There are 2 protein chains.
Amino acid sequence: MKTLRLNSNDKAVLLGSRFFEKLSAAASDAILEGAVVTNHEEHDILFQQDEPVDSVFCVLSGLVRVYRLGKDGREADIAVFPKGELFGENAMFLGNRATANAQAIGSSTIARLDSRNLRKLAEQYPDIAQALMELLCRHGQMAEDCLAEDRLLTAPQRVASYILGHCPDGSTTFSFRLPFQKNVLAGKLGLAPEALSRAFSALRRSGVTVKGRMIEIHDRQALERF
Amino acid sequence: MKTLRLNSNDKAVLLGSRFFEKLSAAASDAILEGAVVTNHEEHDILFQQDEPVDSVFCVLSGLVRVYRLGKDGREADIAVFPKGELFGENAMFLGNRATANAQAIGSSTIARLDSRNLRKLAEQYPDIAQALMELLCRHGQMAEDCLAEDRLLTAPQRVASYILGHCPDGSTTFSFRLPFQKNVLAGKLGLAPEALSRAFSALRRSGVTVKGRMIEIHDRQALERF
DNA sequence: CGTAGTGTTGATCTTCTTCAACATCCGTGG
DNA sequence: CCACGGATGTTGAAGAAGATCAACACTACG
């Protein structure tokens, strides 16, 4: 795999991300010092469970799916990360071993930040430590949210919840475009693609229109009650 | 609720916990400065979703269940914490609001560490920041593990996995006592109590004996294959 | 225009929940 | 010490929710 230096656009994406936004320029520069970029085709594997990993990753373009493998080869998605999100930071605290697999969805550009460096910097800059804690917390929260939704909600309810998550608070009517294929959404929600399809059918009766990747919500309240 | 100072036993439990073990005495003292202890009966609520929380908690004795509530009142366990475990640290990074509920299982003693103080100390002592990151990472990992197991394993497989988690690596035969009622285990595994019961029945045919809270494994390999 | 990839629908099967009945365990008070 | 009652756990039967498999539709793109 060819590794490149960051170009200015890469840098802009990184600095605009949740992780970097509160950091001083000095801290950011120190982290990005030595960062590299790789390009990936659809389905490329970025790292695999139990293998050594010495970077923290950031999606510069495209999408990354993080998942675990079952003994039978089935896959369970843990998270899907869009442009601007850091991931793979867990390995840093667990002996530099990945606890999951990561795969590019569509062709993607990925930045790699040296985790040893990041760790050292976290000792030096309290801001970086703080940013790392917030990152870990967000990711923990994401997993807990998923777990709770899986256990409390049916498939159509999970889909409704996902849709509502994209819907600004005030509005009763709203529409948006899915940021990825339904395939991927199904995985993220822990559903078979067929189940997602059926869930959309069920929601259609509650004022949700689905055409391709476009979702229209005609009655927010109805969805919330679902 | 009556709040007490830490007694020497309380301190011993805290200092022996995963979180404190790598900290210097100075750091530990600084954190425990101003810590208080509360006693709770079974089912007491320690904090509730969306309510302000300004402490990080530690179980000194007993057990604590962290869970979310569904719209219909159903509950989904996120985690169960035994003696010596810190919890509730997420609120610290999310505007001091709890994102879940916490409840004592059986009568329990709980330490409360001021989160504002802890946060300040994390800036000052890199060790503390490091310990916090490891805590967050562990808890995130726990949630991801649960999520993956929920999605990849059937009820008997999840129970087998739980049992294997208590079984030292080398042994083929092993026995241990459940650290809590089956009720609680069911919740932790995301199962109805009946499903847990049936899972134990299924495992009995693979060399697992269950009598009260005692679990005996007669053939580790058989369990792993399950 | 044809083909591969993606999504939908139907039918069936498995798994788990739910509800109800029953069994077992345990502490309390007679 | 025994008897009782409540809590806890087990078992059975019915039902709901999803998974899976198969067929088909739609779309995109060469």
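Select Ala155(A) and DNA strand D to begin: a backbone N or O atom of Ala155(A) sits 2.3 Å from a phosphate oxygen of the strand. Everything on this tour comes from a predicted model, where local features need pLDDT of at least 70 and side-chain atom pairs count only at pLDDT 80 or more, while totals for chains, interfaces and linings use all residues. To match your viewer, residues are numbered from 1 along each chain as its sequence is written, chains are lettered from A and ligands numbered from 1 in the order in which they are written, and side-chain values use heavy atoms, with hydrogens and water left out.

**Stop 1: around DNA strand D**

Stay with strand D and add Arg198(A). An N or O atom in the side chain of Arg198(A) is 2.9 Å from a base oxygen of DNA strand D. Now pick Gln181(B), where a polar side-chain atom lies 3.4 Å from a phosphate oxygen of DNA strand D.

Next, show everything near the strand (a residue counts as near if one of its heavy atoms lies within 4 Å). You should get 15 residues around DNA strand D, with Thr154(A), Ala155(A), Arg198(A), Ser197(B) and Arg198(B) the closest. Of the strand D atoms that come within 4 Å of the protein, 56% are sugar and phosphate.

Colour by secondary structure here. Helices (H or I, at least four residues) and strands (E, at least two) are DSSP runs, numbered from the N terminus. H7 of chain A, helix H6 (182-188) of chain B and H7 of chain B each give at least two residues to the surface near DNA strand D. The biggest contributor is H7(B), with four residues.

Colouring by class works too: Ala, Val, Leu, Ile, Met, Phe, Trp, Tyr, Cys and Pro count as nonpolar, Asp, Glu, Lys and Arg as charged, and the others, Gly among them, as polar. By that scheme the surface near DNA strand D has three nonpolar, six polar and six charged residues.

**Stop 2: over to DNA strand C**

Which residues come nearest to DNA strand C? Of the 16 around it, they are Ser197(A), Arg198(A), Ala155(B), Ala195(B) and Arg198(B).

Click on Ala155(B) and look at its backbone: a polar atom there is 2.6 Å from a phosphate oxygen of DNA strand C. At Ala192(B), a backbone N or O atom is 3.4 Å from a phosphate oxygen of the strand. For a base contact, go to Arg198(B), where a side-chain N or O atom is 2.8 Å from a base oxygen of DNA strand C.

H6 and helix H7 (193-204) of chain A, plus helix H5 (155-164) and helix H7 (193-204) of chain B, are the elements giving two or more residues to this surface. H7(A) has the largest share, four residues. By class, the surface near DNA strand C splits into five nonpolar, six polar and five charged residues.

**Stop 3: where the chains meet**

Hide the DNA and select both protein chains. Taking contact as heavy atoms within 4.5 Å, 41 residues of chain A touch 41 residues of chain B. Between them the chains bury about 3,600 Å², with 60% of it on carbon and sulfur atoms; buried area is the accessible area (1.4 Å probe) that two parts lose on being put together, summed over both. Label Met133(A), Arg151(A) and Leu152(A), which supply 21% of the area that chain A buries against chain B, more than any other three residues.

How many salt bridges are counted between chain A and chain B? There are six, each being a side-chain nitrogen of Lys or Arg within 4 Å of a carboxyl oxygen of Asp or Glu. Zoom in on Arg68(B) and Asp145(A) for one, at 2.7 Å, N to O. Then highlight H4(A), which gives 19 residues, the largest share of the chain A side that touches chain B.

**Stop 4: the two domains of chain A**

Finish with residues 3-138 as domain 1 and 153-225 as domain 2 of chain A, bounds that come from an automatic or database domain assignment. Their C-alpha centres lie 28 Å apart. Four residues of domain 1 are in contact with five of domain 2, and the area buried between them is about 370 Å², 75% of it from carbon and sulfur atoms. Select Leu63(A), Asp77(A) and Val80(A): they supply 78% of the area that domain 1 buries against domain 2, more than any other three residues. Looking for salt bridges across this domain interface turns up zero.

Definitions and conventions:
A polar contact is a pair of N or O atoms within 3.5 Å; within protein, one must be able to donate a hydrogen and the other to accept it, and residues adjacent in sequence count only if both atoms are side-chain atoms.
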